[in-house]
Amino acid sequence: MTPAQTISTYHPVLQQVAMKLVRCKADAEDIVQDTFLKWLSIDSTKVKNTKAYLIKSVHNNCLNHLNSLKKRQEEYFDSFNFPEIINKFKEMDLSQMDLNIDLKAALSVINQKLEPLEKLVYLLREVFNMDYEALQELLAKKQDHCRQLFSRAKKKLEDQAHKITIDWNTMPKWVESFKKAYDEGFSQDLIRDILGDNQAVIKTA
């Protein structure tokens, strides 16, 4: 087969292999393209089984890609400073701009590490500056309980943040209501979207 025929024949299977490993269409396409470019640069007449060679190459390139992502994520969180990131919330018009990488990371960590009520109390305290008296009235929880939730949330966020896996392309559904609440003022929509099916928990003291 000519190089063009080889690419046309094996591209679908290579794309499938890459997608299964990296679970991202754009990354998979880049890996497959890079694999073909490298294959075109070698003496293909010395390759006994072109299909097996290409599949193995894609597999190895995917593993290298995943390891690189993991390393970059660990390096990023080595310097991750939650208090500093939270301050950025207070300085930005969140509804009028795309979230930058720091804010996306912060919201993703909050979303993954905290239980719904912890998440709500943490955001209301840190971002909206609500005191415990206001939280007690809003959430029907005793002030001591709110303090415990806030303390627990802070501890969770400080512990092993680098173990979180960030999906930079998607954000939790409550982020939009969070941005709107920050820009226009707090509303019950934020409580509804954060707690979801767990909203009943605010009715118990």
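**View 1. Helix 6 and helix 10 pack against one another, their axes coming within 9 Å and crossing at roughly 145°.** The model shown in this and every other view is a predicted one. Two packed helices are described by the angle between their axes and the distance between the axes, and for this pair the handedness can be added, since helix 6 passes helix 10 in a right-handed crossing. From helix 6, the residues that take part in the meeting are Pro 116, Leu 117, Lys 119, Leu 120, Leu 123 and Leu 124, and from helix 10 they are Leu 190, Ile 191, Ile 194 and Leu 195.

**View 2. Helix 6 is largely enclosed by the rest of the structure, because ten of its eleven residues are buried.** The buried residues include Pro 116, Leu 117, Leu 120, Leu 123 and Leu 124, which the first view also shows, and with them Val 121 and Tyr 122. Residues with charged side chains are found in the buried set as well, among them Glu 118, Lys 119 and Glu 126. For comparison with the protein as a whole, 37% of its 205 residues count as buried.

**View 3. A salt bridge joins Arg 152 to Glu 118, with the closest N and O atoms 2.7 Å apart.** This pair links distant parts of the chain, since Arg 152 belongs to helix 8 (residues 143–158) and Glu 118 to helix 6 (residues 116–126), and 34 residues separate them in sequence. Side chains of opposite charge can pair when their charged atoms come close. Are the two partners buried or exposed, or does each lie somewhere in between? Glu 118 has a relative accessible area of 3% and is therefore buried, whereas Arg 152, at 39%, is partly exposed. The pairing does not stand alone, for Glu 118, Arg 152 and Lys 156 are linked in a network of salt bridges. For the protein, the count of salt bridges comes to five.

**View 4. In helix 10, Arg 192 meets Asp 189 in a salt bridge (3.2 Å, N to O), and also meets Asp 193 in another (2.9 Å, N to O).** Why can Arg 192 and Asp 189 be described as about one helical turn apart? The two residues are three places apart in helix 10 (residues 188–195), which means that about one helical turn separates them. An α-helix has 3.6 residues a turn, so residues three or four places apart point the same way. Each of the residues in this view counts as partly exposed, with a relative accessible area of 41% for Arg 192, 32% for Asp 189 and 29% for Asp 193.

**View 5. The largest nonpolar core holds 29 residues, and within it Phe 128, Leu 135, Trp 174 and Phe 178 touch the most other members.** Helix 5 (101–113), helix 6, helix 7 (132–139), helix 8, helix 9 (174–184) and helix 10 each supply at least two residues of this core. Helix 6 gives the most, with six residues. Apart from this core lies another one, made of twelve residues, among them Ala 28, Phe 36, Val 58 and Cys 62.

**View 6. Thr 6 has its place in helix 1 (residues 3–22).** With a relative accessible area of 4%, Thr 6 is buried. Which residues does Thr 6 touch, if those up to four places away in sequence are not counted? They are Met 1, Phe 36, Trp 39, Thr 50 and Leu 54, and of these Phe 36 is also one of the members of the core of twelve residues in the fifth view.

**View 7. Two loop residues, Asn 129 with phi near 55° and Ala 140 with phi of about 60°, have positive values although neither is a glycine.** Most residues other than glycine have a negative phi, and most peptide bonds are trans. Asn 129 is found in the loop between helix 6 and helix 7, and Ala 140 in the loop between helix 7 and helix 8. Asn 129 is exposed, with a relative accessible area of 55%, while Ala 140 is partly exposed at 38%.

**View 8. The protein as a whole contains ten helices and zero strands.** Among its contacts between residues at least 6 apart in sequence, 68% join residues at least 24 apart. The protein exposes about 12,400 Å², of which carbon and sulfur atoms supply 47%.

Methods:
Residues numbered from 1 in each chain as written. Predicted model: local features only at pLDDT ≥ 70, side-chain atom pairs only at ≥ 80, totals over all residues. Heavy atoms only, no water. Helix = DSSP H or I, 4+ residues; strand = E, 2+ residues; numbered from the N terminus. Buried < 20%, exposed > 50% of the residue type's maximum accessible area, 1.4 Å probe, protein only. Contact = heavy atoms within 4.5 Å. Areas by Shrake-Rupley, 256 points an atom, 1.4 Å probe, with all protein chains shown as cover. Salt bridge = Lys/Arg side-chain N within 4 Å of Asp/Glu carboxyl O. Core = buried A, V, L, I, M, F, W, Y, C linked by side-chain atoms within 4.5 Å. Axes fitted to C-alpha atoms, helices over the stretch in contact; angles between N-to-C directions. Left-handed = near helix turned anticlockwise from the far one by under 90°.
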